[in-house]
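Open the model in your viewer and keep the selection tool at hand, since each stop on this tour begins with something to select. Take the stops in order, and look around at each one before moving on.

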Amino acid sequence: MSVDISNAILVTGGAGFIGSNFVLQSLAHTGAPLINLDLLTYAGNPENLASLQGDSRYRLVQGDICDSELVASLLREHRPRAVVHFAAESHVDRSIADPRAFIRTNVEGTFNLLQQSRLYWAELDDRSKNAFRFLHVSTDEVYGSLGAEDPAFSETTPYAPNSPYAASKAASDHLARSYFHTWGLPVLTTNCSNNYGPFQFPEKLIPLVILNALERKALPVYGDGMNVRDWLFVEDHCAAIRTVLEHGRIGETYNIGGNSERTNIDVVTTICDLVDEMRPQAASAPRRNLITFVKDRPGHDRRYAIDASKISQELGWKPAEQFEGGLRKTVAWYLANTAWVEGVKTGAYRDWISKNYSERGNI
Ligand code: NAD
Ligand code: DAU
């Protein structure tokens, strides 16, 4: 018996930072139903999607991407035209503290999604088979570290992951590739640089520094602060994913980046100046004085940079936001959304901050 697809999309990890921005943007633009499979780990927050309460196009299913029965039953029930796979353990420092969950979710979980998607896809009629897509969301960290003068990462840069997080994402990329080459499952993979913007959990550099600056706490900078990241506003990443989903060539990978390389110390000082401007305190010292250099991350990649010419030339995508404008919007968002901020500073958050920074000394 052959099966027809619906116009629904199954998103995994849609309660996390990028996933929730993607869910909101997709529903605003397309109106197609969206099912969000998310385990709601410490990084998953249904509050990110509170504005969708009562929206019949959206359904949250709390569950594990490693659960094959659950994934199979969601595919059977909703007959999605696409799976967009964000769910992951995503924080490099946590992967150094305890890598096991990264292997389980990022490797086994991606394997399980690919496998269940393949079984579902095999039962589809020919038209639906051609239309179906599995979009795997990945990272530039799989390419390793660049020297100051090296050309940016392209889609043909050899993989050289340096952290357990990057290695687990690299493994998941290879699995995704193998399902296309072996069975013809219509897989697309995106490898993106560092995102920033609303709803990012404040264990990552930019939201952590905004919130610490606001509270006049120490601003921890690893090593010499000269590591470089290529920053992309999260809404631009989501737009790129939507473009690849609709127009990308199956079996291809697309690099996504912001063309905004900045040293960490540059990012941190810019945030200090923005917070000083938006929350001036006449009698207090500039927030730059709070910057504290702490013990470096082991194996800390020195520089990431993305060559996004393939997605730009083939599919016409370009980032809309410049880094300075996006950062200003982001600082303003964290300052305005105090209830959201208080809500995420749970026990799990406090435990992590105390574990990560007490071991680094100086703060
Ligand atoms: P995040 O940590 O904010 O969110 C991850 C989400 O996945 C959370 O909602 C969490 O509850 C969910 N999840 C975790 N384990 C799960 C499981 N076993 N089953 C179901 N759900 C589970 O991550 P993010 O920053 O939004 O990143 C999303 C994706 O984008 C990841 O795959 C990451 O590797 C990739 N990526 C992130 C960035 C970045 O800068 N944040 C850049 C490039 C690529
Ligand atoms: O490049 C894409 C990746 O970007 C994604 O795949 C990851 O999911 C995402 O977490 C991010 O990884 P990074 O390790 O680059 O992000 P993070 O915000 O943890 O760190 C950014 C830089 O800032 C990095 O060089 C480490 C440094 N840093 C980080 C923290 C938390 C500090 O100097 N101090 C800090 O306290």
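What follows is a walk through a predicted model, going from its two ligands to a helix, the nonpolar cores and two buried side chains.

**Stop one: ligand 1**

Begin by selecting ligand 1 together with the 28 residues around it, of which Ile 18, Asp 38, Ser 90, Tyr 165 and Lys 169 come nearest. If you now show the oxygen atoms of the ligand, you can look for three polar contacts, beginning with the side chain of Lys 169, where an N or O atom is 2.6 Å from one of those oxygens. The other two involve the backbone: an N or O atom of Phe 86 lies 2.9 Å from an oxygen atom of ligand 1, and a backbone N or O atom of Thr 41 lies 3.0 Å from an oxygen atom of this ligand. Switch on a surface here, and keep in mind that ligand 1 taken alone exposes 830 Å², of which the protein buries 96%.

Which elements supply at least two residues each to the shell around ligand 1? Select helix 1 (17-29), strand 5 (133-139), helix 6 (164-183) and strand 7 (194-196) to see them, and note that strand 5 makes the largest contribution, with 3 residues. Colouring the shell by residue class should give you 13 nonpolar, 12 polar and 3 charged residues.

**Stop two: ligand 2**

Next select ligand 2 and the 24 residues around it, among which Asp 140, Tyr 165, Arg 297, His 300 and Tyr 357 come nearest. Three side chains are worth showing as sticks here: a polar side-chain atom of Arg 297 lies 2.6 Å from an oxygen atom of ligand 2, an N or O atom in the side chain of His 300 is 2.7 Å from an oxygen atom of the ligand, and a polar side-chain atom of Glu 141 lies 2.8 Å from an oxygen atom of ligand 2. Taken alone, ligand 2 exposes 690 Å², and the protein buries 95% of that area.

Two elements give two or more residues to this shell, namely helix 7 (205-214) and strand 8 (219-222), and strand 8 gives the most, with 3 residues. When the shell around ligand 2 is coloured by class, it has 10 nonpolar, 8 polar and 6 charged residues.

**Stop three: helix 2**

Now select residues 68-78, which form helix 2, and show the side chains of Leu 70, Val 71, Ala 72, Leu 74, Leu 75 and His 78, which are buried. What do these buried residues pack against? Their partners are strand 1 (9-12), strand 2 (34-38), strand 3 (58-62), strand 4 (82-85) and helix 4 (100-122). At the N-terminal end of the helix, Asp 67 acts as a cap, with a side-chain oxygen 3.2 Å from the backbone nitrogen of Glu 69, while after the helix comes Arg 79, whose phi is positive, near 45°.

**Stop four: the nonpolar cores**

The largest nonpolar core has 74 residues, and you can start from Val 84, Ile 206, Ile 271 and Ile 311, which touch the most other members. Helix 9 (residues 264-278) gives the most to this core, with 7 residues. Apart from this core lies another, of 25 residues, including Ile 35, Leu 70, Val 71 and Tyr 179.

**Stop five: two buried polar side chains**

Select Arg 133, which is in strand 5. Why does Arg 133 count as buried? Arg 133 counts as buried because its relative accessible area is 18%, and the cut-off for buried is under 20%. The side chain of Arg 133 reaches the backbone oxygen of Asn 130 at 2.9 Å, and the residues in contact with Arg 133 from beyond four places in sequence include Arg 81, Pro 186 and Leu 245.

Finish at Asn 106 in helix 4, which counts as buried because its relative accessibility is 1%. A polar atom of the Asn 106 side chain lies 2.9 Å from the backbone nitrogen of Glu 89. Among the residues in contact with Asn 106 are Tyr 165 and Lys 169, and these also belong to the residues that come nearest to ligand 1, which brings you back to the beginning of the tour.

Conventions:
Residues are numbered from 1 along each chain as its sequence is written. Chains are lettered from A and ligands numbered from 1 in the order in which they are written. This is a predicted model: local features need pLDDT of at least 70, side-chain atom pairs count only at pLDDT 80 or more; totals for chains, interfaces and linings use all residues. Side-chain values use heavy atoms; hydrogens and water are left out. A residue is near a molecule or strand if one of its heavy atoms lies within 4 Å of it. A polar contact is a pair of N or O atoms within 3.5 Å; within protein, one must be able to donate a hydrogen and the other to accept it, and residues adjacent in sequence count only if both atoms are side-chain atoms. Accessible areas come from the Shrake-Rupley method with a 1.4 Å probe; for residues, only the protein chains shown count as cover. Helices (H or I, at least four residues) and strands (E, at least two) are DSSP runs, numbered from the N terminus. Ala, Val, Leu, Ile, Met, Phe, Trp, Tyr, Cys and Pro count as nonpolar, Asp, Glu, Lys and Arg as charged, and the others, Gly among them, as polar. Buried means under 20% relative accessible area, exposed over 50%, partly exposed in between (1.4 Å probe, protein chains only). Contact means heavy atoms within 4.5 Å. A nonpolar core is a set of buried Ala, Val, Leu, Ile, Met, Phe, Trp, Tyr and Cys residues joined through side-chain atoms within 4.5 Å.
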